[in-house]
Amino acid sequence: MTTYYSEEHEWIKVEGDIATLGITAHAAEQLGEIVYVEQKETGDTFEKNDEIGVVESVKAASEIYAPVNGEVVEANEALADSPATLNEAPEGDGWLYKIKLSDTSQLNDLMDLDAYKAFIG
């Protein structure tokens, strides 16, 4: 399983043609206390850079952008009742979607962990 990171502070863990997608711990920390998550539905398709959700915190609302093309095969419905999971475990139980990748070559445009750590300084 390989994890990739986007400049918009999303992570994507790839296993075969299915990937789990969420926001990074850095993003969750910058947002502060998350109080609401707006998500796409299972079956929704999207293209790279499309808005695929919104995370609202006590500080601000932040759009989530797709780092790759794909289709939602599962949304993390637990976030509707406990959006704070995004703060507690953003790269674990706080995942947003499981997606079916439609163009795995787009992963080449993303960063590995070392590059992401350098990116956020």
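Mentor: A polar contact is a pair of N or O atoms within 3.5 Å; within protein, one of the two must be able to donate a hydrogen and the other to accept it. The model here is predicted.

Trainee: What makes the approach of the Ser57 side chain to the backbone nitrogen of Lys59 a polar contact?

Mentor: A polar atom of the Ser57 side chain lies 3.1 Å from the backbone nitrogen of Lys59. The limit is 3.5 Å, so the pair is within it. Ser57 itself belongs to strand 6.

Trainee: Is Ser57 buried or exposed, and how do you know?

Mentor: Buried means under 20% relative accessible area. Ser57 has 9%, so the residue is called buried.

Trainee: How do you know that Asp112 caps helix 4?

Mentor: A side-chain oxygen of Asp112 lies 3.3 Å from the backbone nitrogen of Asp114, at the N-terminal end of helix 4, residues 113-120. That is within 3.5 Å, so the distance meets the limit for a polar contact. After helix 4 comes Gly121, with a positive phi near 70 degrees.

Trainee: How many salt bridges does a search of the whole structure find?

Mentor: The search finds two. Side chains of opposite charge can pair when their charged atoms come close.

Trainee: Why is the pair Lys100 and Asp17 called a salt bridge?

Mentor: The N to O distance between their side chains is 2.5 Å. A salt bridge needs a side-chain nitrogen of Lys or Arg within 4 Å of a carboxyl oxygen of Asp or Glu, so this pair qualifies. The two residues are 83 apart in the chain: Lys100 is in strand 9 (97-101), and Asp17 is in the loop between strand 2 and strand 3.

Trainee: What makes Lys100 partly exposed?

Mentor: Its relative accessibility is 35%. Partly exposed lies between the buried limit of 20% and the exposed limit of 50%, so Lys100 falls in that class. Asp17 also has 35% and is therefore partly exposed.

Trainee: What makes Lys48 and Asp109 a salt bridge?

Mentor: Their side chains meet at 2.7 Å, N to O, which is within 4 Å, so the definition is met. This pair links distant parts of the chain, 61 residues apart. Lys48 sits in the loop between strand 5 and strand 6, and Asp109 in the loop between strand 9 and helix 4.

Trainee: Which exposure class does Asp109 have, and why?

Mentor: Asp109 has 55% relative accessible area, over the 50% limit, so it is exposed. Lys48, at 26%, is partly exposed because that value lies between 20% and 50%.

Trainee: What makes the patch of Glu38, Glu51, Glu56 and Glu63 negative?

Mentor: Asp and Glu count as negative, and the members named are Glu, so the patch is negative. A patch residue needs over 30% relative accessible area; Glu51, in strand 6, has 40% and therefore passes.

Trainee: Which residues make the nonpolar surface patch?

Mentor: Val35, Tyr36 and Val58 make it, with an area of about 280 Å². Tyr36 lies in strand 4. At 40% it is over the 30% needed, so it can belong to a patch.

Trainee: What sets the phi of His9 apart?

Mentor: Phi of His9 is near 70 degrees, a positive value in a residue other than glycine. His9 is in the loop between strand 1 and strand 2. Its 21% is over the 20% limit for buried, so His9 counts as partly exposed. Asn49 has a positive phi too, about 75 degrees, and is not a glycine; Asn49 is in the loop between strand 5 and strand 6.

Definitions and conventions
Residues numbered from 1 in each chain as written. Predicted model: local features only at pLDDT ≥ 70, side-chain atom pairs only at ≥ 80, totals over all residues. Heavy atoms only, no water. Patch = residues over 30% accessible without salt bridge, like charges linked within 9 Å, V, L, I, M, F, W, Y side chains within 5 Å. Areas by Shrake-Rupley, 256 points an atom, 1.4 Å probe, with all protein chains shown as cover. Charge placed at Lys NZ, Arg CZ, Asp CG, Glu CD. Helix = DSSP H or I, 4+ residues; strand = E, 2+ residues; numbered from the N terminus. Buried < 20%, exposed > 50% of the residue type's maximum accessible area, 1.4 Å probe, protein only.
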